[in-house]
Amino acid sequence: MDEFGQENAKPLTVKDFNKEEQPREKAEKYGLQALSNAELLAIVLRTGQPGLPVTRIAAELMQSRQNKFTLLERMSDDELKSIPGIGPVKVLEIRTMLEIMRRYTRENLSDLTQFKSSEEIYNFMRFRIANLDHEQMWALFLNNSNRLIGEMKISEGSATATIFDIKKVLRQALAINAQAIILCHNHPSGICRPSGPDQQITNKFGEACKTLEFRFLDHLIVTVNGFYSFHDNGNM
């Protein structure tokens, strides 16, 4: 039995219709920005019911609200359920979508972590990696204002070494449109002094960043006893 109390009936999905009518196919071909509000909603709702495709459910719902999500938000749960094809599960899906929209509009880039010094980088990373019994290396991705927009653990190794894949870091930086990168790794020994390989990694990564015009801001060695900044020590 489905959410509408019907048995032995397969819900219709957007895949059951002509490809020109499928929002997912259209999105893959032209991008989500090419979809109407109703088509976007159809992707969220996913399935219809026998004789009532999800595309029609979404279209009729949006038409009843002048095609505005702000008016859709004002509908009560009972009003939503009065629309043919909308049951409790779809009400929850709609409410979830609207809540995501609300949270997105409340976000402010100024709320993102901003790094102004090597000490701030250390304080951000020390509780994550300082006390590990093995090495980890992380990349922090920043925007033009040095605000954190992404982070990635790029390697994990023994107590003495990690394997560092430069291409992996740069691919991710390109994917999220980062403008600057910080490297951080820990020394389980507690010794902040950089090793020869640490310096080689820093030099090689710096050259790679120059090629793709990324700002390589710093490379920190993080320990429970403190940190070493390649930038602060003039070794970048």
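Hi everyone, this is a short tour of two nonpolar cores and a few paired strands in a predicted model.

Let's start with the largest nonpolar core, which has 20 residues. The members that touch the most others are Leu 41, Leu 45, Leu 61, Leu 72, Leu 80, Ile 86 and Ile 94. Where do the residues come from? Four helices each supply at least two of them: α2 (37-45), α3 (54-64), α4 (69-73) and α6 (88-106). Of these, α3 gives the most, with five residues.

If you'd like one residue to click on, try Leu 45. Leaving aside residues up to four places away in sequence, Leu 45 touches Val 54, Ile 57, Ile 86, Lys 90, Glu 93 and Ile 94.

There is also a second core, separate from that one, with 19 residues. Met 137, Met 152, Leu 183 and Phe 214 are among them.

Leu 183 takes us on to the strands. The bridge partner of Leu 183 is His 219, in β4. Strand β3 (residues 180-186) and β4 run parallel, joined by seven bridges. Add helix α9 (residues 196-211), and β3, α9 and β4 make a right-handed β-α-β unit.

Now, on to β4 itself, residues 215-223. Is β4 mostly covered or mostly open? Mostly covered: seven of its nine residues are buried.

And β4 has another partner, β5 (residues 226-229). Here the strands run antiparallel, with four bridges between them. One pair to look for is Ile 221 with Tyr 228 in β5. Together β4 and β5 form a hairpin, and two residues lie between the strands.

That's my tour, thanks for listening!

Notes:
Residues numbered from 1 in each chain as written. Predicted model: local features only at pLDDT ≥ 70, side-chain atom pairs only at ≥ 80, totals over all residues. Heavy atoms only, no water. Core = buried A, V, L, I, M, F, W, Y, C linked by side-chain atoms within 4.5 Å. Buried < 20%, exposed > 50% of the residue type's maximum accessible area, 1.4 Å probe, protein only. Contact = heavy atoms within 4.5 Å. Pairing = 2+ DSSP bridges. Right-handed = clockwise from strand over helix to strand, strands pointing away.
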